[in-house]
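This briefing concerns the model displayed below. It is arranged by topic for a reader who has the coordinates at hand.

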Amino acid sequence: MIELIGVTKSYAKGSVKAVDDVTLTVKPGEIFGFLGPNGAGKTTTIKMIVGLLQPDSGSVKVANIDVLRDPLTAKRQIGFVPDQPQVYDRLTGAEYLNFLADVYQVPERRRGKRIEHLLEIFGIKEAIGDLVQSYSHGMKQKLVLTGALLHNPPVWIMDEPMVGLDPRSSFLLKDLMGEHCCHGNTVFFSTHILEVAERLCDRVAIINKGRIIACGTLDEINKHHEKETLEKIFLELTQ
Ligand SMILES: Nc1ncnc2c1ncn2[C@@H]1O[C@H](COP(=O)(O)OP(=O)(O)OP(=O)(O)O)[C@@H](O)[C@H]1O
């Protein structure tokens, strides 16, 4: 469902190599955790998957669609949650969600039910008529999550989605992720919370200095490194 082949990206006229020859495949039905220390290249990789940044070389496919050649069709398959919830402050929550539903061409008769369902899950239904500028960080994150998922995309790509969520919302999101993948869809998310990755993910990749240094199921990674927790493996590999 997600395929990266030899993807490379540099910043500052080539002086900072953020992502270096990354090849990854994420299969249908998988929850895939993308791990790495600060500055490892996670956000840059994610931005290339969702078509916000162009790789210097390599190819990116989502649901078999080339993100560079056919970005609009590829983006329809994706629900993207960035690391910072950026919402138009002077819209109400409802206006923001309707705007996104228009962008994703969700028919009016279908959007109401879907939006209501997600708002109920995240517990922000009462605030939906208020201006976004009055929302807390967590409420903005929940609104962004609702906006990213309202067109029911098969591929969820999330950059640190649990940041700012209270334990209950975080639990509900993890539940939603599991349910989504049970139906043959895909979730790809970055996190610094290794316990979450350990419990939730079918497979993980660890990126360090732009390069993938481990990838597989936790059992596969454990076999190579013979440590009892992902945290210990992570610390050993990225020190
Ligand atoms: N616009 C930019 N210009 C120059 N360098 C950049 C730019 N954006 C990112 N970088 C550099 O690219 C590298 C990878 O950054 P990236 O944001 O992808 O890492 P990350 O793994 O998401 O980090 P974090 O966990 O801190 O969010 C870092 O060295 C970062 O400083």
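The points that follow treat the two sheets, the helix packing and the surroundings of the ligand.

The model is predicted. One open sheet has four strands, and another open sheet has six. Helix 5 packs with helix 3 and also with helix 4. The ligand has a shell to which helix 1 gives the most residues.

**The four-stranded sheet**

- The strand order of this open sheet is 2-1-4-5, and the pairing is antiparallel.
- Strand 2 and strand 5 (65-66) are the edge strands, each pairing on one side only.
- Seven bridges link strand 1 to strand 2 in the antiparallel sense; within this pair, Val7 has Val22 of strand 2 as its bridge partner.
- A hairpin is formed by strand 1 and strand 2, with four residues between them. In its turn, Ala12 has a positive phi of about 50°.
- Strand 1 (residues 2-11) also pairs with strand 4 (residues 57-62), in the antiparallel sense and over five bridges. Here Thr8 stands opposite Ser57 in strand 4.

**The six-stranded sheet**

- This open sheet has the order 6-7-8-3-9-10 and mixed pairing.
- Strand 6 (78-81) and strand 10 (211-216) each have a single partner strand, so one side of each is left without a neighbour in the sheet.
- From one strand to the next, the twist averages 15°.
- Strand 7 (residues 155-159) and strand 8 (residues 186-190) are paired in the parallel sense, over five bridges. Thr186 in strand 8 is the bridge partner of Val155.
- Helix 6 (residues 167-182) packs on the sheet, where it touches strand 3 (31-35), strand 7 and strand 8. The direction of helix 6 makes about 145° with that of strand 8.
- Strand 9 (residues 203-208) and strand 10 run antiparallel and are joined by five bridges. Asn208 has Arg211 in strand 10 as its bridge partner.
- Strand 9 and strand 10 form a hairpin with two residues between them. Lys209, in the turn of this hairpin, has a positive phi of about 50°.

**Packing of helix 3 on helix 5**

- Helix 3 (residues 93-103) packs with helix 5 (residues 137-149) at an angle of about 25°, and their axes are 9 Å apart. Helix 3 is therefore roughly parallel to helix 5.
- The two helices, helix 3 and helix 5, cross in a right-handed sense.
- Helix 3 contributes Gly93, Tyr96, Leu97 and Leu100 to the contact, while helix 5 contributes Leu143, Thr146 and Gly147.
- Divided by class, this contact of helix 3 with helix 5 has four nonpolar, three polar and no charged residues.

**Packing of helix 4 on helix 5**

- Helix 4 (residues 108-122) and helix 5 pack at an angle of about 150°, with axes 10 Å apart. This angle makes helix 4 roughly antiparallel to helix 5.
- The crossing of helix 4 with helix 5 is right-handed.
- On the helix 4 side the contact involves Ile115, Leu118, Leu119 and Phe122. These residues meet Lys142, Leu145, Thr146 and Leu149 in helix 5.
- The contact of helix 4 with helix 5 comprises six nonpolar residues, one polar and one charged.
- Thr146 of helix 5 is listed in the contact with helix 3 and in the contact with helix 4.

**Surroundings of the ligand**

- The residues surrounding the ligand are Tyr11, Ala12, Val16, Ala18, Gly36, Asn38, Gly39, Ala40, Gly41, Lys42, Thr43 and Thr44.
- Strand 2 (16-26) and helix 1 (42-49) are the elements that give two or more residues to this shell.
- Helix 1 gives the most to the shell, with three residues.
- By class, the shell has five nonpolar, six polar and one charged residues.
- Ala12, which lies in the turn between strand 1 and strand 2, is one of the residues around the ligand.

Technical notes: Residues are numbered from 1 along each chain as its sequence is written. This is a predicted model: local features need pLDDT of at least 70, side-chain atom pairs count only at pLDDT 80 or more; totals for chains, interfaces and linings use all residues. Axes are lines fitted to C-alpha atoms, for helices over the stretch in contact, and angles run from 0 to 180 degrees between N-to-C directions. Angles under 35 degrees count as roughly parallel, over 145 as roughly antiparallel, 65 to 115 as roughly perpendicular and the rest as oblique. A crossing is left-handed if the near helix is turned anticlockwise from the far one by less than a right angle, and right-handed if clockwise. Two residues are in contact if their C-beta atoms, placed from the backbone, lie within 7 Å. Ala, Val, Leu, Ile, Met, Phe, Trp, Tyr, Cys and Pro count as nonpolar, Asp, Glu, Lys and Arg as charged, and the others, Gly among them, as polar. A residue is near a molecule or strand if its C-beta atom, placed from the backbone, lies within 6 Å of it. Two strands pair if DSSP finds at least two bridges between them.
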